[in-house]
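Subject: Structure handover

Hello,

Here is the structure I promised to pass on. Please open it beside this email and follow along.

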Amino acid sequence: MPNMHTSPENPGHTKLRDAVREFADREIAPHIARWDRESRLPVEVVHQMGELGLFGLTAPEEYGGSDLGLTGLTIAVEEIGRVDQSVGITLGAGVGLGVGTLLAYGTQEQKQTWLPDLVAGRRLGAFGLTEPGAGSDANAMSTTAELVDGEWVINGAKQFITNSGTPITSLCTVAARTGTLPDGRPELSAILVPTDTPGFIVEPLHDKMSWRSCDTHALRFENIRVPEANLLGQRGNGFKQLMMSLNSGRVAVAALATGCIQAMLDLAVEHAGVRPTFGGPIGRKQGVAFQIADVEVMLQASRALTYRAAALKDDGAPLDEFRRASSVAKLYATESAVTATRIAAQVFGGYGVMEDGPIARFYRDAKVLEIGEGTSELQRMLIARGLGLPVE
């Protein structure tokens, strides 16, 4: 199997990769077709991933984590994404947007209150950023939070929020307008909202083409009241906090894309070696073999870019360098995943579009990779601005 990993790993990372791969093949692979048909997040698998320590990969030992950094999370998401993208993004979002925001900006009391259950996989955290009328443009956010008598009163709505309506979701970090800055721009802050708060309304599960067994809902907030102490980080620093969380999230999505490409390569190589046509396997035809060779190139490049970005974060590189690397990895790996699924579907022919096989599911799942955590267009804009171009 062409599955040689070139990313630099310490012994802890190598052990993690072996454990996650074995877990994914044993506990996820046999069930994913059914979960996809049912559009159901397997909560029992979330608990199992917690027991394996996957939700604590970026957390320190004091909260039950293993402190293997963003590289550790990247390894786990890639290996699960090689089998199923929905469970992969459930993990990536649960760690990056649930655990990660608390680790980066929470007070000691907030961390002690929420992290143990999130790290153990007993509970899930969500991140309320995208709105029906505001996606990449965070300054267009309309959700408001007003400080009244020592409480934040929150009103508004969010859209496409991952892990927001599961039976074990306990917390949502809500981005909201808490005022207006001197230059007229909105003051954005992040506020921790327990999901059992009165007025926290979870809309019906989104019916999606991609990530069908990933839990995704719209949310409404109707005069939600939470204590002033639920502010996450400093008031007015919400935009900066959101962007920092998204930088790490983009690496996780790039890892998910890398797992997708690996799956497509493995399946295409196997099929091309045994599918007969005109007296021999289709893999002997250059029209097929050369396309599969291109997938190998995309895989190696995607993996190198993704693990480089993760290593920059773990090594404490300057923010601008990490930000650019995360956008580059996310852009290249996700667009490559879409191409890889198209090539694999072509190699499989009619079998590639049948829903009783994995190719069609990966094909559907790949598209959202170019959208979530910042579209391809946004990544190009960020990269161009990082080069000093005044692009709008």
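In which hand of crossing does H8 pass H9? The crossing is left-handed. Keep in mind that this is a predicted model.

Start with the whole chain. The protein chain has eleven helices and ten strands. Its C-alpha atoms fill a box of roughly 80 × 50 × 40 Å along the principal axes. The radius of gyration is 21 Å. A compact globule of 392 residues would have a value near 21 Å, so the two agree.

Next, the domains. UniProt lists three features that I looked at, each from an unreviewed entry.

- Residues 12-121 are listed by UniProt as "domain: Acyl-CoA dehydrogenase/oxidase N-terminal". This span is 72% helix and 0% strand. Its end C-alpha atoms lie 20 Å apart.
- Residues 126-223 carry the UniProt feature "domain: Acyl-CoA oxidase/dehydrogenase middle". Here the figures are 0% helix and 53% strand. The end C-alpha atoms are 19 Å apart.
- Residues 236-387 are covered by the UniProt annotation "domain: Acyl-CoA dehydrogenase/oxidase C-terminal". This span is 78% helix and 3% strand. Its end C-alpha atoms lie 28 Å apart.

Now go to helix H9, residues 319-348. I checked its packing with H8, H10 and H11.

First, H8. This helix covers residues 286-314. H8 and H9 pack at an angle of about 155°, and their axes are 8 Å apart. H8 is therefore roughly antiparallel to H9. By class, their contact has 18 nonpolar, six polar and three charged residues.

Second, H10, residues 358-369. The axes of H9 and H10 come within 9 Å and cross at roughly 155°. That angle is why H9 and H10 count as roughly antiparallel. H9 passes H10 in a left-handed crossing. On the H9 side, the contact residues include Ala337, Val338, Ala344, Ala345 and Phe348. Ile359, Phe362, Tyr363 and Ala366 are among those they meet in H10. The contact of H9 with H10 divides into ten nonpolar, two polar and three charged residues.

Third, H11, residues 376-386. The axes of H9 and H11 come within 9 Å and cross at roughly 145°. This crossing is left-handed. In H9, the contact residues include Arg324, Ser327, Val328 and Leu331. In H11, they include Gln379, Arg380, Leu382 and Ile383. The classes here are four nonpolar, five polar and four charged.

Which H9 residues should you click on in both places? Try Lys330 and Thr334. Lys330 and Thr334 appear in the contact with H10. Lys330 and Thr334 also appear in the contact with H11.

Last, two backbone details. Most residues other than glycine have a negative phi. Asp67 has a positive phi of about 55°, although it is not a glycine. Where does Asp67 sit? Its place is in the loop between helix H3 (43-51) and helix H4 (69-81). Asn223 also has a positive phi, near 55°, and it too is a residue other than glycine. Asn223 is placed in strand E7, residues 216-227.

That is the handover.

Best wishes

Conventions. Residues are numbered from 1 along each chain as its sequence is written. This is a predicted model: local features need pLDDT of at least 70, side-chain atom pairs count only at pLDDT 80 or more; totals for chains, interfaces and linings use all residues. Side-chain values use heavy atoms; hydrogens and water are left out. Axes are lines fitted to C-alpha atoms, for helices over the stretch in contact, and angles run from 0 to 180 degrees between N-to-C directions. Helices (H or I, at least four residues) and strands (E, at least two) are DSSP runs, numbered from the N terminus. Angles under 35 degrees count as roughly parallel, over 145 as roughly antiparallel, 65 to 115 as roughly perpendicular and the rest as oblique. A crossing is left-handed if the near helix is turned anticlockwise from the far one by less than a right angle, and right-handed if clockwise. Contact means heavy atoms within 4.5 Å. Ala, Val, Leu, Ile, Met, Phe, Trp, Tyr, Cys and Pro count as nonpolar, Asp, Glu, Lys and Arg as charged, and the others, Gly among them, as polar. UniProt positions are given in the numbering used here, feature names are shortened, and annotations may be inferred rather than shown by experiment. The radius of gyration is taken over C-alpha atoms; the globule rule is 2.2 Å times the number of residues to the power 0.38.
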